[in-house]
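Please look through the sequence and the model below before reading on. The report that follows takes up rings, cysteines and one helix in turn.

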Amino acid sequence: MTTSFAANAEISRVFAASIRPSSIKPRPTPPPLLGCTFNRLSYRFPLLSAAANSKSGVFSMSKETGRTIADGAGGLTYKDAGVDIDAGSELVRRIAKMAPGIGGFGGLFPLGDSYLVAGTDGVGTKLKLAFETGIHETIGIDLVAMSVNDIITSGAKPLFFLDYFATSRLDVDLAEKVIKGIVDGCKQSDCTLLGGETAEMPDFYADGEYDLSGFAVGIVKKDSVIDGKNIKAGDVLIGLPSSGVHSNGFSLVRRVLARSGLSLTDKLPGEGITLGEALMAPTVIYVKQVLDIISKGGVKGIAHITGGGFTDNIPRVFPEGLGAVIYNNSWEVPTVFKWLQEAGRIEDAEMRRTFNMGIGMVLIVTEEASHKILEDGHYKAYRIGEVVRGEGVSHH
C-alpha cells in the first residue's frame, strides 16, 4: 500500500506537520504484523504549553549529585542550539485559531461508540547521530515510539502505522535497516505496519542522509477516553523510566558534544558504553505497559514527556487551576543527563524544559491505584510527585 503525502492533513483535533512535496516512489508494504493503532499529536514543540515554573535559582532534581551551576555563565540553552520552544508554541497558538481544538497529544475523531486517535512525528536531529554513528537499525523504533506513545495518552490501542522515508539517492541496504527498525517498533507496539512512502529527491539531502516521518492511528471507546478532566489535587504522579534522551533535544545534545571535545566513540564518563551508544539508545515504547496499567483502573491522565520536558508536558493534561509538585530524589537520573548538564553548563530549568531527565511517561492516578502500580513487580515505576492547586510544575 502506498500513500502520497503532499500537504497537511487535518482530522478533527489532529494537526499534522506538512511534508515536502516530492516525486514519490512507491514502496511495497510488508504483510501486516499485528493489528493495532498508533497516534502521535505532540509536535517537535510542545502544544499550548503552560507557563514555565521555577523562576528561582537552579537546584538539583531527583537523585543527582546535588551540584548546582553557580552562575550559568556560558551555559548552553535549547535556543542557543537553534530550537526556540516559545516560537513553536506561538505557531501552535496561531494554528489553533484556524483549527480549534488542537493541543492534545493525539487527535480524536469520532467513529460510532469509539474514537480514532491519530498522531504524527519524526525523530528530529537524532538522525544526525545515526548518520555519524552508522546506527540505523534502531532509529525506526524511535519513529514508531514517538507516535504510539502519544496516542496511548488517550487510552487508545494502536492499530496501524505509516511511514515516510525521503532521501536524495536511495540506498536499498540502508533503507532496509531503517524499515527493519520500524517493523520492530510495530511489533513492540502490537500494531500493523500498514504502508509507507519512499521519496527519492535528487540534490535535496546530503549523500547518505535521509529524513523520516511517522503516522499512527489507534482506537478507544468513548466511555474509556483518558482526558484528565477528573484530575484533582492530591492525585499521584507516577513516572515510568526512559532509556535515555529518547528522541528530543538532540540539537542541544549535539551542541554540548561539540563543546565537550569528546567524540561519539569516547566512553560516557562513569559508564562502560560509548557516548554514541548512550545517545542512540532507542526510545522506550510504553504501549503494553501503559495499556495494562489503564486496564486495572484509577488512571486519570497521562503525559508523554517529549520536547518541553516536565515543564510543558505535564500541565497539558491538567484541568485549569491545577499544577504539579515533583519530588526531588524520587528517581535515578541517568548518567547521560548528568554529563550533558555538566559538559554544557546547562541550568536545571533548561534541562527540565528540554529533556525527559529519565522519566519518559507520567501517569496521574488515584492514591489507591498508585499503590497497586508501585507494588506490581512487572514494571519499574516511581512515585515522583502529586497534583496541587495552582499552575505549572514546581520541584521540592
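Which residue lies over the face of F105, and at what distance from the ring centre? In this predicted model, the residue over the face of F105 is R316, at 3.9 Å from the ring centre. A second residue placed in this way is K222, which lies over the face of Y115. The table sets out the two cases.

| Residue over the ring | Ring | Distance from the ring centre |
|---|---|---|
| R316 | F105 | 3.9 Å |
| K222 | Y115 | 5.5 Å |

**Rings beside rings**

A pair of aromatic rings is described by the distance of the centres and the angle of the planes. When the whole structure is searched, five aromatic pairs are found. One of them joins F204 and Y205, whose ring centres are 5.1 Å apart and whose planes meet at 65°, an edge-to-face arrangement. Of these two residues, F204 is partly exposed, with a relative accessible area of 47%, whereas Y205 is buried, with a relative accessible area of 14%.

The rings of F310 and W331 also form a pair, and because their planes stand at 50°, with the centres 5.7 Å apart, the pair is tilted. F310 belongs to helix 8 (residues 309-313), while W331 sits in the loop between strand 11 (322-326) and helix 9 (335-344), so the pair ties together parts that are 21 residues apart in sequence. Both F310 and W331 are buried. Elsewhere, F131, F165 and Y210 are linked by ring pairs into a cluster.

**Cysteines without a bond**

A disulfide is a covalent bond between the sulfur atoms of two cysteines. Why does the sulfur of C186 form no bond with the closest cysteine sulfur, in C191? The two sulfur atoms are 4.1 Å apart, which is too far for a bond, because a disulfide requires the sulfur atoms to be within 2.5 Å. A search of the whole structure finds zero disulfides. C186 is buried, with a relative accessible area of 0%, and C191 is buried as well, with a relative accessible area of 0%.

**Helix 5 and its surroundings**

Helix 5 covers residues 250-260, and its buried residues include F250, S251, L252, V253, V256 and L257. An α-helix has 3.6 residues a turn, so residues three or four places apart point the same way. The buried residues of helix 5 pack against helix 2 (126-133), helix 6 (275-279), helix 9 and helix 10 (348-354). Just after helix 5 comes G261, which takes a positive phi of about 85°.

Notes. Residues are numbered from 1 along each chain as its sequence is written. This is a predicted model: local features need pLDDT of at least 70, side-chain atom pairs count only at pLDDT 80 or more; totals for chains, interfaces and linings use all residues. Side-chain values use heavy atoms; hydrogens and water are left out. Buried means under 20% relative accessible area, exposed over 50%, partly exposed in between (1.4 Å probe, protein chains only). Rings of Phe, Tyr and Trp (its six-membered ring) pair if their centres lie within 6.5 Å; planes under 30 degrees apart count as stacked, over 60 as edge-to-face and the rest as tilted. Helices (H or I, at least four residues) and strands (E, at least two) are DSSP runs, numbered from the N terminus. A charge sits over a ring if NZ of Lys or CZ of Arg is within 6 Å of the ring centre and within 35 degrees of the ring normal. Contact means heavy atoms within 4.5 Å.
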